[in-house]
Amino acid sequence: MKNKINRIWILPSLAIGRLGSAREPLDNYDIETDPKAPLGFRRIKRAETFIVDTVTGEITGTLPPDDMPPKFKTGKRIRPVAPFLEVFASIAADSADPRLVPLDMRLLDKARLRPRWHVEAGNLKVFRRTNEEKDKILAHLRDIEDHDPHPLRGVSENFVKDRRGTRKHIPFGTIQFIRPNAGYPEIRLRFTPANGWVYGSTPLPSDIKVPESTGGAAGSGICIPPERIVYDSQKGTWNGKYKDDNPTLNTLAPGLYAAYGKLPYWNYYKEPQLARGYLDDACDGVITLELLDEQGSVYLHAKARFCSAPPIFAPDSEFVRTIQDDVLQVLHGPQVKHPNSVPISAAQEIVRRAYETVRFMNLTVLNGDAIHGRPNRADAMPANDSEDFNRPYAPAMASHSIDTLSITALHQQLFATLTSGAAPWFYDLLRQPTETADLTDRGRRKMPALMSGADARYLALTYRQIDIIKHAGKGGMFDVRPTPPEGNGLTPRNLTAQLLYRGRGNPFNAHMASSVGNVCPGLELDFRSVWRRSFEGITLGDHDNFVVDADPEHQDLKEHRLLTIHMRHLGHEWPVVAQAIGPTADGSGVGPLRTADNPDAVVNLEWSNTLSHIWRYQGEVLLCRFTKEKMPERQVLANIPEEDTITRKLRVRDFFVAGTTVINDALAAPGELTQGLCSPWQNDFRECACYYWASSRPDYVNVEPADNGGSHGDNWLQKERTGQYVADDYKDSRLINYQELFTEWEDLLKFQIGGRDVPDET
């Protein structure tokens, strides 16, 4: 049949909603580089924006493109990002790889099919810490065929019941099936995220004593409206002490959860935990579309994923490594397929994104230099090196040798070198993913410098990004265009096009290209959750190689540690751990940075790069080596004697749903892609004083040249803009504190365009 629908897809395969309480969602916008100033701030321009009547569910028209950026706030409220998810179909045709066409009501009517939607969403942040099933906050919508807004109500069994016996809920946002009409007949769904509010718990049980050092009273600690007190502390343990006897199950870092205790947070692994009972309205989930025939049977179905996340506060900049980079590496592998056809522009884009990240970082602070005569012990890599491995504390670069403006100038020179067609000499300066534990002076100075990755050590680019840079110079000054990997346009086989598809009407920050990748734990998603189920039958820790769970046939592996994976195409075993090395305490040489808790100085390598080679074996078995003994606490290196190890053949899971770029359900259930993030999410903006995602959550703003040849500017979290950077200090009243972020974040946090505060609307 000519009009027979063979298969359907929902695109984008992962849509990101961004929190905000304004009534009108953010307009669609594009960002573009200025060819005359390629390292200038990208220009934000409003793109075609759908006008939706939320009562009827119809698109009634569009706002035309405009050279001016949209308004990101309405008064003191931030406009949410509410992405559309579109449906495409493959129609019977003579072509072996037909183009995908938008699915609309005309095609459905001809095929005598009707659409029906299901949605599952979850917030598992509390469950991630308590490991109690009743603490899972879940929302379900089924059999949506109408065009009304449907609220996603997140409910937990440990939530309070009202006087009528109805359990309270957290609003996760709304789902609306957009009504097709003559002007816009396509099938699409819209997700509008929640407000970004903080929710609380009932007062602590009387037997729980709050440490005096907290300076706060028992209970929620901040003024939360009664209607937002949802968690029952008499039923659950989230507000107070809770079982926390297996540190390998904890989210890294545990301080990402608002808790009672001294600031910065005490050692969570060794002392009782006392949670403040805060919750938030972020979530992630799965959307399913079914096409029903005249008998009501499911003829075809498709899935996509979505999540809600904080706004991007520097929308004209991008991050050096994104989730899109990580997923492209899964899709295509760690090496480029056509190395002689890599264009210079591909490497230029990586350098441009590095530049955009660096310009929002106060590199003097992150280097570990003293600030205004005060030692800097903020959560920067030099401090982490010292605290984690007893490495002698020292700035990564020579003290006072770097400044944000001077380093951005180096990036400009690097970009110019690429543009001129010179060989990429800087390839040798890039940190390899296996070198993230090299804490020598030379190792710490490799690029990207001063930033942390998902392994809580120094950030590395993906192998694929590094390979792009390596081969970009082969084309010289001739910008050779790469061979398209799977043809052009949206087709069933062109998974790259499907992955990169943003969606009509969706702003740039609704796509995974805007999502921070490989950081600990992340802003939009904690993508470490995906890798832990890479092998069928076992579940690894999301931040280490400990087997936290196993199916019956592999129960003997539970609580053992994965050491190596035999990569057949490489011909050797691939280690998943490394040894931290650096200067000895007496300065006499370089060696392993051993500690009492970690006598072998073992570091887990981040999963995204470490597992990058296994995806060529999806559905096949690989030989994996584990420790022979259980060792939940102690780590060991991969080169221990063979008699102290056991081997097992494990099957590699499929990363994507077959023929799509949708992350396989077996890798992450609804709620698991965000379970490792902060609770509430605002805690991350204050607790994490490292600014590794500076293009999303900036640090150094309003930057100007200083008389001493360096720069001056403001800390993004300063309440008053003075041009004098206030170094991070939890007790400094000049900075926005936790409680203010929890309750006034929309009013206090300023968007940045062109590196400057966007004035608030009156």
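**Note on the predicted model**

1. Of the contacts in the chain with a separation of 6 or more, 72% are between residues 24 or more positions apart. The model under review is a predicted one.

2. The chain has 762 residues, and buried residues make up 61% of them. Its secondary structure comprises 14 helices and 36 strands. About 30,200 Å² of the chain is exposed, with 50% of that area supplied by carbon and sulfur atoms.

3. Helix H9, which spans residues 463–472, deserves separate comment. Because 9 of its 10 residues are buried, H9 is largely enclosed by the rest of the structure. Those buried residues are Tyr-463, Arg-464, Gln-465, Ile-466, Asp-467, Ile-468, Ile-469, His-471 and Ala-472.

4. The surroundings of H9 can also be stated. Its buried residues pack against three helices, namely H3 (323–332), H4 (344–358) and H12 (607–610), and against strand S26 (572–575).

5. On the surface, a patch of negative charge is formed by Glu-536, Asp-549, Asp-551, Glu-553 and Asp-654. One member of this patch, Asp-654, lies in the loop that runs between strand S32 (645–651) and helix H13 (682–687).

6. The exposure of Asp-654 may be classified as follows. Its relative accessibility is 40%, so Asp-654 counts as partly exposed, a class that falls between buried, under 20%, and exposed, over 50%.

Terms used. Residues are numbered from 1 along each chain as its sequence is written. This is a predicted model: local features need pLDDT of at least 70, side-chain atom pairs count only at pLDDT 80 or more; totals for chains, interfaces and linings use all residues. Side-chain values use heavy atoms; hydrogens and water are left out. Patches are made of residues with over 30% relative accessible area and no salt bridge: like charges are joined within 9 Å, nonpolar side chains (Val, Leu, Ile, Met, Phe, Trp, Tyr) within 5 Å. Accessible areas come from the Shrake-Rupley method with a 1.4 Å probe; for residues, only the protein chains shown count as cover. A salt bridge is a side-chain nitrogen of Lys or Arg within 4 Å of a carboxyl oxygen of Asp or Glu. Lys and Arg count as positive and Asp and Glu as negative; His and the chain ends are not counted. The place of a charge is taken as NZ of Lys, CZ of Arg, CG of Asp or CD of Glu. Helices (H or I, at least four residues) and strands (E, at least two) are DSSP runs, numbered from the N terminus. Buried means under 20% relative accessible area, exposed over 50%, partly exposed in between (1.4 Å probe, protein chains only). Contact means heavy atoms within 4.5 Å.
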